[in-house]
Amino acid sequence: MSKLVIVESPTKAKTIKNYLPNGYHVVASMGHVRDLPQSAKEIPSKVKDQEWSKLGVNVDADFEPLYVIPSKKKKVVKELKDLLKDSDELILATDEDREGESISWHLLEVLQPKVSTKRMVFHEITKEAIQDALRNTREIDDKLVRAQETRRILDRLVGYSLSPLLWKKIAYGLSAGRVQSVAVRLIVQRERERRAFHQGTYWDLEALLEKSQSAFKSKMISLDGKRLATGKDFDENTGKIAEGKDVLLLGEKQAKDLQASLKDKTWTITKVEEKPQTRKPAPPFITSTLQQEANRKLGLSARNTMMIAQKLYERGFITYMRTDSVNLSSQAVDAARNCVADLYGKNYLSPSPRQYSNKSKNAQEAHEAIRPAGAQFKKPEDTGLSGKDLQLYDLIWKRTVATQMAEARLTMISADITVENAVFRSSGKRIDFPGFFRAYVEGSDDPDEALANQEVVLPDLKEGESLNCKELDSLSHDTQPPARYTEASLVKKLEAEGIGRPSTYASIISTIVSRGYVIQKGNSLIPSFTAFAVVGLLEKHFPDLVDLGFTAKMEDTLDEISTGNVEWLPYLKKFYLGQHGLSTQINEHEGQINPEEARTLDFQDLPADIKVGRFGAYLETERDGEVVKATIPESVTPADLDLERIEKIIKQKEEGPNILGEHPETKQPIFVLDGRYGPYVQLGDITEENAKPKRVSLLKGMSVEDVDFQTALKLLELPRTVGEHPETGKRIFTNVGRFGPYICHDMGKDGKDYRSLKPADGDSPLTVNLERALELLAQPKKGRGRGKAAPLKELGKHPADGELVAVYNGPYGHYVKHNKTNAGLPEGKKPEDMTLEEALPLLAEKAAKKPAKKKKATTKKAAKKKSVKKKAAK
């Protein structure tokens, strides 16, 4: 009999199998096999008539959770039970964090094994780590399980208790969450700050100075001994200099006068300062910092970062990716130091091994930081990875190696230059020794390029020397509102406040975006008007639930439960059933919440009421004694809604759409409108005969004010024929699609060949010509999604049918392909080393394992049965 090893995913199972002895059968549970019911149909009939079953937790029976096996997992459970019958030992090898511990516990509860059961944990999938874990198995940690279960129950109590209240008071389908609502509140608060912001303007002067034919810039910092005002001196709420600031606010006239009077005067260096500075490398990645850097450097969302990292971990490239520990094992430190010595030389090594300690007292999700797996780190170019997988591995590899490199040594240089009664300052930076900058610079993809950009060179300046002023400009500056959160900055804020844990950040952001509370525009996270309504209701009636300190304390308590320092049941009872518990608060406040007030946003500075309804946000005001209601376009953000924008929306509502002119061919009116999903042009009125007139969205960057009659005509021409392809004679056209503007070579039966237009290079679907279209079509196609991939290496023709055998790169690694048969490359085998002779046995083995196709019934009995079914259907 074999030993059954259960992990979460097929990829992880495939990797682990390579490191286990014969007689071990590794299978995947595909995540959790049971959970609280997600819908009414999953609730067992025996408890369906009981009120608590809707919650999924029996709060009157010591908060007993109602666990069910989802229908899509029943087949998995049956297969696992069948495999267990032929096994003499069960090994649960799910992830080492609380979620993994919980999956193992649920498997134990569902499978009820009668054989020996062990829990096996590891933080990297290498031969040494797996064999060590096999020798050091343990029991399931009940404290970790209980902490995860308490967290799950808390989330269910908050979500399922508050969400129905939001349906009644604001709009159906809304939801609240223990951590989700706090994250939304942070984003709403930032938007409120942007709404309250008043812009300020200040002027200064910038000179281009020269010494010995070497030019450099210098900025004016004071006049008559008084410091010039800069952006940081303004009060964001007034747009004026903040109270108590003793600075000089330079206006346009004064700046222009100074520009005219100072240029030809004597410029003298009055002070030169050099300050040495050292920079230490950042700690190795934890979950939050990996998400932040991947977002900044690679443009990856938190969710995509974790998906790629999970894949890298399961394939044995990196250590476990859900961790808030910055610790590195001695094995990892040695491996990193070997990389530094080999690649950069021993003078780039830190004098002694560098270790990092956690600032967080609750850093316990896993035992080590995220790093390349193994005792020897594979160089990124030797992994066989490609695309985003390679980029993320490269990021982790560089960050880890940099931790063992010498500090960077810099010299900061500043020089004050006096001209008449004004003082200018030039700042420079000299890199004396790059140290870890050679491998890794935060926020930069290319360390060498970053080094060049970081160094600001000044000529050799000495006090008392005179300089030549080549140019002198007066410059106007406007203060900027607080920046909106990005995924990176939101994760950083949540972590700093102690909200959520490593495993939750990606799901928090995904949830608030998918539920319409937050819109992603570029990198910015913008709250919807609905988010304002929900946060407003929670702040007024349930302030603790969106309070940062209260939520952080909950997280700490859950951590204390995992260590056994806090009892879970008394905590749940107090939170939900206590004197100030959630259930008590809902019963007290539900009758006090006026739905009309809850739907009206607190935008008191506007001459209209802003409300949310079933179909989104709208404004309501009174004009000439009549109530006017108008939908607020989804392209308008809460911070952008001002008096001018409201007047435009009302004007469009009262006067109807803006008519640009009459189409020269159809004689129909052409309108430019600002709709729910943004501005667009429309050809003709909506009538019974023309229920869906042609509409074309404005191009990215266009506003309603930018569109004149000629631009509207060009937009309505889309899709626009550019010309015929000289080789096929087939049509080439341009249009705008889901992923932006594109050109298409329509080859009829042979399909369509698409290329994206490049606005950054001046391409526009309104103006692109045939020559440019042919140039783009001649370029290699960059696939999106799961298009046909180009082979990495062609091995030759298969002897059986003469068809190509080649090596490809797929989501689960490299593989060889022949017709429809794919076979993974052996562990450690590089694509460039693969031969046809090695590929043929792999393909033959894989083809033999394929299940035979079921033959269609051809007997009279089967045909008769089919005929009966057809009649029954009729």
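User: In which loop does Pro719 lie?
Analyst: In this predicted model, the residue to place is Pro719, and the elements that flank its loop are a helix and a strand given by their residue ranges. Pro719 lies in the loop between α21 (709-717) and β25 (720-724).

User: What is omega of the peptide bond that joins Leu718 and Pro719?
Analyst: Most residues other than glycine have a negative phi, and most peptide bonds are trans. The bond that joins Leu718 and Pro719 is a cis peptide bond, and its omega is about -5 degrees.

User: Where is Asp224, and what phi does it have?
Analyst: Asp224 has its place in the loop between β8 and β9, and these strands form a hairpin with two residues between them. At 58% relative accessibility the residue lies over the 50% cut-off, so Asp224 counts as exposed. Although Asp224 is not a glycine, its phi is positive, at about 55 degrees.

User: Is Glu420 buried or exposed?
Analyst: Glu420 lies in the loop between β13 (408-419) and β14, and its phi is near 55 degrees, a positive value in a residue other than glycine. Its relative accessibility is 52%, and exposed means over 50%, so Glu420 counts as exposed.

User: Which residue in β8 stands opposite Leu209?
Analyst: Strand β7 (residues 201-211) and strand β8 (residues 214-223) pair in the antiparallel sense over six bridges. The hairpin of β7 and β8 has two residues between the strands, and Ser212 takes a positive phi near 50 degrees there. Opposite Leu209 in β8 stands Phe216.

User: Which residue in β14 stands opposite Met220?
Analyst: Besides its pairing with β7, strand β8 is joined by four bridges to strand β14 (residues 422-433), and β8 and β14 run antiparallel. Opposite Met220 in β14 stands Phe424.

User: Which residue in β9 is the bridge partner of Leu223?
Analyst: β8 also pairs with strand β9 (residues 226-227), in the antiparallel sense and over two bridges. In β9, the bridge partner of Leu223 is Lys226.

User: What are the edge strands of the open sheet in the order β18-β19-β20?
Analyst: Three strands form this open sheet, and their pairing is antiparallel. An edge strand here is one that pairs on one side only, and this holds for β18 (609-613) and β20 (626-631).

User: By how many degrees are neighbouring strands of this sheet turned against each other on average?
Analyst: With direction ignored, the average turn between neighbouring strands of the sheet β18-β19-β20 is 30 degrees.

User: Which residue in β20 is the bridge partner of Glu620?
Analyst: Strand β19 (residues 616-623) and β20 pair in the antiparallel sense, over six bridges. In β20, the bridge partner of Glu620 is Lys629.

User: How are α16 and α17 oriented to each other?
Analyst: Two packed helices are described by the angle between their axes and the distance between the axes. The axes of helix α16 (residues 548-563) and helix α17 (residues 568-577) come within 10 Å and cross at roughly 155 degrees. Because angles over 145 degrees count as roughly antiparallel, the orientation of α16 and α17 to each other is roughly antiparallel.

User: Which residues in α17 do Phe550, Met554, Thr557 and Ile561 in α16 meet?
Analyst: An α-helix has 3.6 residues a turn, so residues three or four places apart point the same way. Phe550, Met554, Thr557 and Ile561 are the residues in α16 to consider, and in α17 they meet Trp568, Tyr571 and Phe575.

User: How far apart are the end C-alpha atoms of helix α11 (residues 387-402)?
Analyst: The buried residues of α11 include Leu392, Tyr393, Leu395, Ile396 and Trp397, as well as Asp389, Lys398 and Arg399. Its 16 residues, at 1.5 Å a residue, should span 22 Å, and this expectation agrees with the separation of its end C-alpha atoms, which is 23 Å.

User: How many disulfides does the model have?
Analyst: A disulfide is a covalent bond between the sulfur atoms of two cysteines. Among the cysteines, Cys469 is buried because its relative accessible area of 7% is under 20%, and Cys744 is buried with a relative accessible area of 0%. With the cut-off of 2.5 Å between cysteine sulfur atoms, the count of disulfides is zero.

User: What share of the 874 residues in the chain is buried?
Analyst: The chain holds 24 helices and 32 strands, and its C-alpha trace spans about 100 × 80 × 80 Å along its principal axes. Of the contacts with a separation of 6 or more, 66% are between residues 24 or more positions apart. The share of buried residues among the 874 is 48%.

Note on methods. Residues are numbered from 1 along each chain as its sequence is written. This is a predicted model: local features need pLDDT of at least 70, side-chain atom pairs count only at pLDDT 80 or more; totals for chains, interfaces and linings use all residues. Side-chain values use heavy atoms; hydrogens and water are left out. Buried means under 20% relative accessible area, exposed over 50%, partly exposed in between (1.4 Å probe, protein chains only). The expected span of a helix is 1.5 Å times one less than its number of residues. Two strands pair if DSSP finds at least two bridges between them. Axes are lines fitted to C-alpha atoms, for helices over the stretch in contact, and angles run from 0 to 180 degrees between N-to-C directions. Angles under 35 degrees count as roughly parallel, over 145 as roughly antiparallel, 65 to 115 as roughly perpendicular and the rest as oblique. Contact means heavy atoms within 4.5 Å.
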